Amino acid sequence: MLDIGHVTVRYGNFTAVDDVSFTLGEGMWLMLVGPNGAGKSTLIEAVSGGVSYDGEILYKGKDLRSLKPAQRAREIGILAQRNLPGYAFTVEEVVRLGRYARSPGFFSGADPEQEERVDSALELTGMTAFRHADMLTLSGGETQRTFLAQVFAQDPRVLILDEPANHLDLKYQQHIFSLIQQWLKEPGRAVLSVVHDLNLAMRFGTHAVLMDHGKSISKGAISEVMTPENLQQVYGMNVYEWMREMLSRWQE
């Protein structure tokens with residue numbers, strides 16, 4: 001669904017993403033993993049249209065740069081690491097904004113699918129009971145679930161996530177990732193996400209790109225990428241041994 005070909009992002013003399021290529025296919029949840037400064041979020045920004053880049057990013061064979069903003073929004077949904085509501089909108093109003101890209105136009109009447117999509121998104125994320133709540137009164141987990149509901153209401157084909165559960169309690173991390181996994185089960189969908197937590201990457205990812213200093217070190221199925229050798233190269237430590245040691249504390 002997405003073909004990233006030799007993408008490079010530069011800021012002056014600094015190369016943040018260096019000649020990265022991979023493919024995101026239907027049904028895949030591809031995790032971008034690697035240490036801080038690896039270029040993961042910058043690559044997400046390029047795919048999202050937030051930064052200029054060299055190379056090509058194709059969506060179903062079409063150059064993303066050739067798509068109009070509304071057309072891109074109908075196909076690709078983006079959930080940022082943090083969403084901070086600046087105004088006292090209700091949860092329902094925020095979720096309805098996800099339908100903006102699919103509005104038939106100012107003079108064309110209401111979006112015929114709006115109510116169904118909004119109700120479904122609220123139910124899926126467990127936010128139906130909060131639909132009339134003021135966004136400024138919500139917890140961090142409730143806020144993130146509201147913006148996830150907004151993306152679900154948008155009904156994109158590709159979901160792009162930049163650390164969607166970062167700074168959230170364990171309960172909400174599990175909930176957010178489980179919701180996305182459930183969303184992915186529908187045909188014609190795919191997910192691309194930045195994840196720092198390697199446990200989450202291993203638990204939910206089908207594929208991965210391991211990055212370091214802007215470069216792609218390994219890519220493919222999650223089991224082929226997240227090997228002890230690859231992780232040792234990138235993190236400079238025996239990640240497997242560390243993870244086993246941490247797990248052993250819960251088994252005592």
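**Entry 1: a yardstick for accessibility**

I began by noting that a residue is buried under 20% relative accessible area, exposed over 50%, and partly exposed in between. R65 has a relative accessible area of 45%, so I wrote it down as partly exposed. The model I am reading is a predicted one, and I keep that in mind on every page.

**Entry 2: R65 and its partner**

Next I looked up what R65 touches. Its side chain meets that of D63 in a salt bridge, at 3.7 Å from N to O. D63 has 27% relative accessibility, so this residue counts as partly exposed too. D63 also turned up in a strand: it sits in β5 as the bridge partner of L58.

**Entry 3: the sheet around β5**

I followed β5 into its sheet. Four strands form an open sheet here, in the order β2-β1-β4-β5, with antiparallel pairing. Which strands stand at the edges? They are β2 (14-24) and β5 (62-63); each has a single partner strand, so one side of each is left without a neighbour in the sheet. As a reminder to myself, strands of a sheet pair through backbone hydrogen bonds.

Then I checked the bridges. Strand β4 (residues 54-59) is joined to β5 by two bridges, while seven bridges join β1 to β2. Both pairs run antiparallel. In the β1 and β2 pair, I found D3 opposite T23 of β2. The hairpin of these two strands has two residues between them, and G12 takes a positive phi there, near 65 degrees.

**Entry 4: what lies across the sheet**

I looked for a helix against these strands and found α1 (residues 40-48). This helix lies across β1 (2-11), β2 and β4. Its direction is about 115 degrees to that of β1.

**Entry 5: a long-distance link from β2**

Back on β2, I picked out D18. How far apart are the N and O atoms in its salt bridge with K215? I read 2.7 Å for this pair. The link joins distant parts of the chain, since D18 is in strand β2 and K215 is in strand β10 (residues 215-221), 197 residues apart. D18 is partly exposed at 25% relative accessible area, and K215 is partly exposed at 41%.

**Entry 6: a network from helix α3**

I counted 11 salt bridges in the model, so I opened one more. E92 forms a salt bridge with R96, and the closest N and O atoms are 2.5 Å apart. Both residues lie in helix α3 (residues 91-96), four residues apart, or about one turn of the helix. Is E92 buried or exposed? At 12% relative accessibility, E92 counts as buried, whereas R96 is partly exposed at 22%. The pair is part of something wider: salt bridges with shared partners join E92, R96, E115, D119 and R131 into one network.

**Entry 7: two helices side by side**

My last stop was α5 (residues 140-154) and α6 (residues 170-184). Their axes come within 10 Å and cross at roughly 10 degrees. Angles under 35 degrees count as roughly parallel, so that is how I describe α5 and α6. On the α5 side, the contact is made by G141, Q144, R145, L148 and F152. On the α6 side, Y172, H175, I176, L179, I180 and W183 take part. Sorted by class, the contact has seven nonpolar, three polar and one charged residues.

Conventions: Residues numbered from 1 in each chain as written. Predicted model: local features only at pLDDT ≥ 70, side-chain atom pairs only at ≥ 80, totals over all residues. Heavy atoms only, no water. Pairing = 2+ DSSP bridges. Contact = heavy atoms within 4.5 Å. Axes fitted to C-alpha atoms, helices over the stretch in contact; angles between N-to-C directions. Parallel < 35°, antiparallel > 145°, perpendicular 65-115°, else oblique. Nonpolar A, V, L, I, M, F, W, Y, C, P; charged D, E, K, R; others polar. Salt bridge = Lys/Arg side-chain N within 4 Å of Asp/Glu carboxyl O. Buried < 20%, exposed > 50% of the residue type's maximum accessible area, 1.4 Å probe, protein only.
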